[in-house]
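Q: Before looking at particular parts, could you take me through this structure by setting each value against the definition behind it?

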Amino acid sequence: MSTADAPKKPRETDDVPVPATLRKSLKNRHIQLIALGGAIGTGLFYGSSESIALAGPSILLAYLVGGFAIFMIVRALSEMSVEDPKAGAFSYYATRYWSKRAGFISGWNYWFNYILVSMVELSVVGKFVNYWFPAIPTWVSAAVFLVIICAANLLGVSKFGEFEFWFAIIKIVAVIAMIIGGLAVIIFVLPTASGVRASFANWFTVGNGFFPNGLMGQNSDGSWTGLLMALVVVMFSFGGTELIGITAGETEDPKTTIPRATNDIIWRILVFYIGALGVIMAVVPWNTIDGKSSPFVQIFDSVGIHAAAGILNFVCLTAVMSVYNSGLYANSRMLYSLAKQGNAPAYLGKLNSRGVPVAGVLTSAAITAIAVVVVFVWPEFAFNYLMSIATIAGIINWTMIMLTEMKFRKVVAAGGAPEDSELAGLSGQEALDAIHFKLPFAKVTPWVVLAFLALVVVLMCFSTSYRIAVIAGVIWLAILFAAYQITQAKR
């Protein structure tokens, strides 16, 4: 039989039946927008008012420092993802290059973190829907969006990529429109609602200047404020950027796409956080941003678009859907990876003909639904305690990534690189030099990032609202260690 007559291998798409395996269907544009959208959420649209109140214009420095730390964390993860692209990145790498216990803790910590984040996002989706349709019960909105996003994830990874692509486009357009509108007010000296002339000089002349509360200080009510305390709030707004690593196992060309998406994180932070907030504080005096409405609404009002609240409501609704869409995707792949490691029930490691871990999707959705019920029945308990665990879980996850990267380099130097990697057969410095996408200053960077994360945890102890997160984090780690020992004892 000639080669022309030979049967062609089925192309890996979500629509052509092929053996059950994860499909490499995410294209470069998907990864770029997933990474970009992951850095833009309700934390930027609404949460930025809290950080501005703490630090004033110096919040820009907090975003710059925190953004640099996040960039290095994602670079560390991407170093491993490019050489060994696998689903459930954090857990797989911790197991492969550290220990099975580390993989168990890393995987279940990340899964539970996103369950809690998804829970809160779904619980607030009803508020955005009620803006237009006040008669619809909030639990109905939560249920409808849960079903829609769950169905989208069951269609295949390329469909997930398309959803995230368009969700991200909406958020990006909103931020860019705000920046352009704000710059127009500044350049053409248009009148503003506050009566204060729009200018970048307002960073230094309004409300005691650029450092109105210093590095750290105490208010009359005993609460702490200043640049360092704002750093705590800033760090949690960057949650989700590490999703790039999760997508590596289903990316068409990880060696090209992952480095490009990772390196673009810097300009995303510069434009969408520092640029956006810098323009906002040039147009709207920072000391008038009190959190009663979004800073984005205030600047749209200054431009003369009085429908700003409605526009932002739509953008935030898509942002919430985007977070849950990403969360369900990440959780299903994490359960799949944990099952393959033997750290989760075997049924979670099965794929359907479209390459989707259906059991992982449905299990995560079901647990999230139960959690949402908890929010509606005991809202105070849910937000004060459960979200504290989600908060510290992000720190634990980032810490595990940096520690695992150091373990990864030791294994590679010892000649233990993956067999299908270009590093296979190499050892010592030769192997380390051959790493395709290296973490800059790899001997020092992990320790600097770990010290920075430790500082953030210490700063959390000064805040009443975050102090409980530190205590919850210790308890949560103890639960994970105990759960691992119990599962091993049963086996």
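A: The expected span of a helix is 1.5 Å times one less than its number of residues, and the model examined here in that way is a predicted one.

Q: What makes the span of helix α5 close to the expected one?
A: Helix α5 runs over residues 100-130 and has 31 residues. From its first C-alpha to its last it reaches 46 Å, which is set against the 45 Å expected at 1.5 Å a residue, and the two are close.

Q: Why is α5 called mostly covered?
A: A residue counts as buried when its relative accessible area is under 20%, and 25 of the 31 residues of α5 are buried, so the helix is described as mostly covered. For the protein as a whole, 56% of the 491 residues count as buried.

Q: Why is Thr 262 called buried?
A: The cut-off for buried is under 20% relative accessible area, and Thr 262 has 0% relative accessibility, so Thr 262 counts as buried. This residue lies in helix α11, which covers residues 254-263.

Q: What makes the pairing of Thr 262 and Ser 78 a polar contact?
A: A polar contact needs a suitable pair of N or O atoms within 3.5 Å, and the side chains of Thr 262 and Ser 78 are joined by one of 2.7 Å. In addition, a polar atom of the Thr 262 side chain lies 2.8 Å from the backbone oxygen of Ile 258.

Q: Which residues does Thr 262 touch, not counting those up to four places away in sequence?
A: Contact means heavy atoms within 4.5 Å, and, with residues up to four places away in sequence left out, Thr 262 touches Phe 71, Val 74, Arg 75, Ser 78, Ile 244 and Phe 437.

Q: How do you know how many cavities of 30 Å³ or more there are?
A: A search of the whole structure finds one cavity of 30 Å³ or more, and the largest cavity holds about 40 Å³ of space. The elements that each give two or more residues to its lining are α3 (59-83), α4 (89-97) and α16 (379-413), and the largest share, four residues, comes from α16.

Q: What makes up the lining of the largest cavity, by class?
A: The lining residues are Leu 77, Met 80, Phe 90, Tyr 93, Ser 106, Asn 397, Met 400, Ile 401 and Thr 404. Leu, Met, Phe, Tyr and Ile count as nonpolar, whereas Ser, Asn and Thr fall among the polar residues, and the lining therefore divides into six nonpolar, three polar and no charged residues.

Notes. Residues numbered from 1 in each chain as written. Predicted model: local features only at pLDDT ≥ 70, side-chain atom pairs only at ≥ 80, totals over all residues. Heavy atoms only, no water. Buried < 20%, exposed > 50% of the residue type's maximum accessible area, 1.4 Å probe, protein only. 1 Å grid on protein atoms, 1.4 Å probe; cavity = no way out; pocket = protein on both sides within 12 Å on 5 of 7 lines; lining within 4 Å. Points joined across faces, edges and corners; volume = space filled by probe spheres on them. Polar contact = N/O pair within 3.5 Å; in protein donor to acceptor, adjacent residues only side chain to side chain.
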